[in-house]
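Hello,

Here is the structure I promised to hand over. Please open it alongside this message. My notes follow.

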Amino acid sequence: KHVVIGGGTGFIGTQIINSLSRKGASYTCISRMPGPNRMSWHDLECYGLPENTTAVVNVAGQNILDPTQRWSEGFKQNVINSRVKTTKSLANAILNSKAEVFVTISGVSYYKPNDTEYTEESQCTKYDFLSELCHEWEGAAQLPKDSNIRQVTIRSGVVLGKNGGMIKQIYLPFFFGLGGPIDNGNQYMPWIHVTDLVNLFLFSIENKNVEGILNGVAPQIVTNKEFTKAFATVMRRPAFIPVPRIFLNILFNEERAKIMLEGQKVVPKRVQELGFQYQYPDINSACTELVGKNIVK
Ligand code: NDP
């Protein structure tokens with residue numbers, strides 16, 4: 001087995017590669033930086049996928065919540081291109097290869113935040129920047145019907161893991177007892193432990209009956225307040241200081257602060273019907289693992 005993975009140097013990508021390697025698969029990572037087992041996006045356009053490729057994954061994407069980046073038109077374009085163009089390039093390349101399966105990531109921003117319980121079958125139309133991004137991202141992953149290549153899109157919630165994403169951002173404030181809910185904390189926070197997300201990628205690569213959309217979220221639905229309580233409890237710290245809405249709107253701009261201020265009630269209906277087993281189905285078990293040894297501070 002040889003897996004080509006766009007964004008394989010990132011938080012999620014690195015752990016997908018580690019898991020694949022443990023299972024004896026080889027990989028090529030597509031990255032903007034050269035290195036061993038890597039190729040560039042330009043190489044992909046020019047030469048296509050390595051001959052022995054059996055599966056293709058894309059988890060590339062410019063970090064939307066980078067506070068050092070102003071929410072300018074240029075940055076927004078980077079956010080779009082780093083997801084949509086990379087996915088499209090891989091979708092084109094896979095058609096000229098012998099690979100059997102194409103698994104890509106998207107986000108739960110596809111769904112409109114309200115009280116609706118969303119399953120993979122729920123249809124949503126675009127309503128803002130982030131939902132439009134998800135539609136385009138998922139559209140770029142579509143392959144012609146007659147291609148015979150299996151295509152899976154994982155709509156991921158907030159990915160909880162020690163070495164990146166949200167936990168890396170909030171660890172220090174919580175460590176110093178300065179943590180707290182975001183705004184009133186009543187917004188849903190669709191989440192998944194990174195181990196489960198990685199396993200879902202591997203499950204999608206390995207199982208021939210898996211196809212289409214999967215909600216990459218844990219079965220337990222929580223609000224931001226419930227997550228805050230669970231995380232603060234395992235950290236053994238108070239978490240009373242709320243992060244004000246206005247602060248996030250000013251720091252990030254309303255368009256992207258929405259990721260933190262609004263949330264969707266998303267259930268992994270198809271994932272469970274397909275028999276996928278979660279290692280961290282509930283927020284307490286996930287948080288206990290996150291605060292275990294070896295956390296990157
Ligand atoms: P990271 O920021 O850790 O990694 C992103 C990867 O994308 C990097 O390896 C980088 O590769 C590549 N990348 C970054 N900017 C660009 C760019 N402008 N053009 C091409 N490639 C780029 O992110 P995560 O691992 O946390 O997330 C991966 C994907 O999953 C993203 O698309 C994200 O939107 C999505 N996702 C993440 C969630 C989370 O909670 N973390 C939740 C839902 C979706 P290199 O520098 O080697 O080129």
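Start at His193. Its side chain makes a polar contact of 2.7 Å with the side chain of Glu289. Bear in mind that this is a predicted model. His193 sits in strand β9, which covers residues 191-193. Is His193 buried or exposed? It is buried, because its relative accessible area is 1% and the cut-off for buried is under 20%. Glu289 is one of several contacts for His193 beyond four places in sequence. The others are Leu160, Tyr280, Ala286 and Leu290.

Next, the strands.

β1 spans residues 2-6. It pairs with β2, in the parallel sense, over five bridges. Within β2, Thr28 is the bridge partner of Val4. The chain gets from β1 to β2 through helix α1, residues 11-22, and this β-α-β crossover is right-handed. β2 itself covers residues 26-30. On from there, two bridges join β2 to β3, residues 38-39. That pair also runs parallel. Ile30 stands opposite Met39 in β3.

Thr28 deserves a look of its own. It lies in β2. Thr28 counts as buried because its relative accessibility is 10%. Which residues does Thr28 touch, leaving aside neighbours within four places in sequence? From β1's stretch of the chain come His2, Val3, Val4 and Ile5. Asn37, Arg38, Met39 and Pro50 complete the list.

β1 also pairs with β4, again in the parallel sense, over four bridges. Here Val3 has Ala55 of β4 as its bridge partner. β4 then joins β5, residues 101-107, through four bridges, and the two run parallel. Asn58 stands opposite Thr104 in β5. Helix α3, residues 73-95, carries the chain from β4 across to β5. This β-α-β crossover is right-handed.

Now the side chains of β4, residues 55-58. In a regular strand, side chains alternate between the two faces of the sheet. In β4, Ala55 and Val57 point one way. Val56 and Asn58 point the other way. All four are buried.

Then the ligand. How many residues surround the ligand? There are 20, and the closest are Thr9, Phe11, Ser31, Arg32 and Arg83. Three of the polar approaches are worth checking on screen:

- Thr9: an N or O atom of its side chain is 2.5 Å from an oxygen atom of the ligand.
- Phe11: a polar backbone atom is 2.8 Å from an oxygen atom of the ligand.
- Arg83: a polar side-chain atom is 2.8 Å from an oxygen atom of the ligand.

Two of these residues fall in helices described above. Phe11 is in the range of α1, residues 11-22. Arg83 is in the range of α3, residues 73-95.

On to helix α9, residues 254-261. Its buried residues include Arg256, Ala257, Met260 and Leu261. Why do the buried residues of α9 line one face of the helix? Seen down the helix axis, they fall within an arc of 155°, so they line one face. The general rule helps here. An α-helix has 3.6 residues a turn, so residues three or four places apart point the same way. As for partners, the buried residues of α9 pack against α3 and against α8, residues 245-252.

The start of α9 has a polar contact too. A side-chain oxygen of Asn253 comes to within 2.7 Å of the backbone nitrogen of Glu255. Asn253 belongs to the loop between α8 and α9. Its phi is positive, about 80°, although Asn253 is not a glycine. Asn253 counts as partly exposed because its relative accessibility is 32%.

Asp183 is another residue to inspect for its backbone. Its phi is near 55°, a positive value in a residue other than glycine. Where is Asp183 found? It is in the loop between α5, residues 165-175, and β9. Asp183 is partly exposed, with a relative accessible area of 23%. β9, at the far end of that loop, is the strand that holds His193.

That is the handover.

Best wishes

Definitions and conventions:
Residues numbered from 1 in each chain as written. Predicted model: local features only at pLDDT ≥ 70, side-chain atom pairs only at ≥ 80, totals over all residues. Heavy atoms only, no water. Buried < 20%, exposed > 50% of the residue type's maximum accessible area, 1.4 Å probe, protein only. Polar contact = N/O pair within 3.5 Å; in protein donor to acceptor, adjacent residues only side chain to side chain. Contact = heavy atoms within 4.5 Å. Pairing = 2+ DSSP bridges. Right-handed = clockwise from strand over helix to strand, strands pointing away. Arc of directions from axis to C-beta. Near = heavy atom within 4 Å.
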